[in-house]
Each structure stands twice: as structure tokens, then as C-alpha cells.
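Please load the model in the viewer and keep a selection panel open. The tour proceeds by successive selections, each followed by a description of what is found there.

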Amino acid sequence: MWRPRAKSTVKIRDTPSSPFSFSTFKDIQNLCIEDHPSSPIKKSSSIFHRVRLATTFLRSLSLSLSEPEHNATPAHNKTTTPPLQEQPLITIPGADKRIVVYYTSLRVVRSTFEDCKTVQSILRGFRVLIDERDLSMDSSFLNELNQIFSGRGNCGRKLTLPRVFIGGRYMGGAEEIRQLNESGELKKFIEGLPVVDSGVCDVCGGYRFILCGQCSGSHKLYIEKAGFKSCTACNENGLIRCPSCAV
């Protein structure tokens, strides 16, 4: 015979029934519509949108400020090469029969060094007499350059290198020489200058300077009863112009 089923001693708590009862899925849809009203909620703009708006505003502001300055700039303020009659002259002996270039061989400022090398390469291609004056080798060249431009209202203006003089007349810097070379005008200015054989000097190796023979490049001389004194035959670096290639 079957054993009679015993009642369980575990009490089951009565869970409250859900207050919502849905007979169809349509009721669920209606409930969602009631919880989220039809009036749209304004979303806050993202940080990327605000950055984009700020960038657009600043760009338009900078353009509006730059346009009046550009339009107000008079034509005579543009950096153009002055006529030959107004360009400074140099009084170096024999400058009217050669090219004089003030430059630097130091690589402290890369753009200046590259401009000097470019101008030297252009001028050497014409195979004419060139007097290359390196300001890093002799500070007296800087004094010469300052004296040339000091009498023309350029005292307060910073001189940039290179500076080129053809036939004793100033032609400009790196940009002017490039433009003259591209247009073919540079060849016209160089015509008439004496032609020389291209090559490297056997004495100085193309550096245009050699060690002083009196002080052996120390720029100091010892004199009895006076001690050490500065050598007057060389510059501050103990160098003198090469007698073979100096013109």
C-alpha cells in the first residue's frame, strides 16, 4: 500500500504579487510610453563637440583679425631688393673685380649654414674670383660688415648671413641670390669679372686661413722683461689669411 504523504514542515513565505499585470504585449508598450514622455530631453553636447565649436570660433577670429592687417599693409613695406643705385658699396681693394661673400662655416644655426652653403655653391659654379670671408674665423669681418651697413640706417637691424657683393655693390642675401640665379640675372652681373681655375688651394686646403708663423697659432708671444703679449700678426684665433689664395 502507498504510504500517506506527509506534510512539509518548511514554511514558504508568501511573495506579494506584482501590481502590474499584462494580458498582452500592447500593455507593456503603453507602459513604456507613459514612463518616457513624448517631450524630447535635451542632451548635453559632448566635449568633442564643444572643442570643435571653440576651434572654429578661434579660427574665424584669427582670420578676421589678420585680414585688416594684410589689407592695411602698404606696398612700400614689402621686402624687396632695392635698386642698384641705392645699394651700399664696399671699399675693399680690388672689390670691383671680384665677388665678396660674408658667411659663416659654423653649424650653430642650421638654416643660416645651409643658406651659406647654397650661395657658395651657386657662385662657385661661375668660376670667377670669389673672396670668401668667414666671420667665424675672423671677427674683423663682422666689423667690416657692420661698417658697410651702419651708414644706411641699418644699425638697429640684425644682420643675417650670407651677404653678397658683386663688383663692389651689394646684391643681397640667400633669397636674392636664388631669385637672380633662377631668373638668369645673376649671370649678367657676373659677366666681366676675371675667370679663375676652379680648384682647392694647396696651402690652406680651401679654408682661406693658415696658422700664424710667429706665434704658431697661440696668439701669444713671449718677450723678455715683458712676459706674454698678444701677437699682432694674426687674429684672435691665431690665424692669418692664406697668402696663396687670398685676393
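Begin with helix H5 and its surroundings in this predicted model. Select H3, strand E3 (163-166), strand E4 (169-172) and helix H6 (185-190): these elements are among those that cover the buried residues of H5.

Which residues of helix H5 are buried? Within H5, which spans residues 174-183, select Ala 174, Ile 177 and Leu 180. Turn the view to look down the axis of H5: the buried residues fall within an arc of 130 degrees, so they line one face of the helix. An α-helix has 3.6 residues a turn, so residues three or four places apart point the same way.

Next, move past the end of H5 to Gly 184, which follows the helix and has a positive phi, near 85 degrees.

Now select Glu 132, located in strand E2 (residues 130-134). Is Glu 132 buried or exposed? With a relative accessible area of 3%, Glu 132 is buried, because the cut-off for that class is under 20%. Display the side chains of its polar partners. The side chain of Arg 124 makes a polar contact of 3.0 Å with that of Glu 132, and the side chain of Gln 120 makes another at 3.4 Å. Extend the selection to the residues in contact with Glu 132, leaving aside its neighbours within four places in sequence: Val 101, Tyr 103, Gln 120, Arg 124, Arg 208 and Arg 241.

From there, go to Val 109, in the loop between strand E1 (99-103) and helix H3 (110-124). Val 109 has 43% relative accessibility and therefore counts as partly exposed. Add Leu 106 and Val 108 to the selection and show the surface: together with Val 109, these residues make a nonpolar surface patch of about 290 Å².

Finally, select the whole protein. How many helices and strands does the protein have? There are six helices and eight strands, and along the sequence they follow the pattern α-α-β-α-β-α-β-β-α-α-β-β-β-β. Colour by burial: of the 247 residues, 25% are buried. With the surface displayed, the protein exposes about 19100 Å², of which carbon and sulfur atoms supply 55%. A contact map completes the view: among contacts with a separation of 6 or more, 66% are between residues 24 or more positions apart.

Definitions and conventions:
Residues numbered from 1 in each chain as written. Predicted model: local features only at pLDDT ≥ 70, side-chain atom pairs only at ≥ 80, totals over all residues. Heavy atoms only, no water. Helix = DSSP H or I, 4+ residues; strand = E, 2+ residues; numbered from the N terminus. Buried < 20%, exposed > 50% of the residue type's maximum accessible area, 1.4 Å probe, protein only. Polar contact = N/O pair within 3.5 Å; in protein donor to acceptor, adjacent residues only side chain to side chain. Contact = heavy atoms within 4.5 Å. Patch = residues over 30% accessible without salt bridge, like charges linked within 9 Å, V, L, I, M, F, W, Y side chains within 5 Å. Areas by Shrake-Rupley, 256 points an atom, 1.4 Å probe, with all protein chains shown as cover. Salt bridge = Lys/Arg side-chain N within 4 Å of Asp/Glu carboxyl O. Arc of directions from axis to C-beta.
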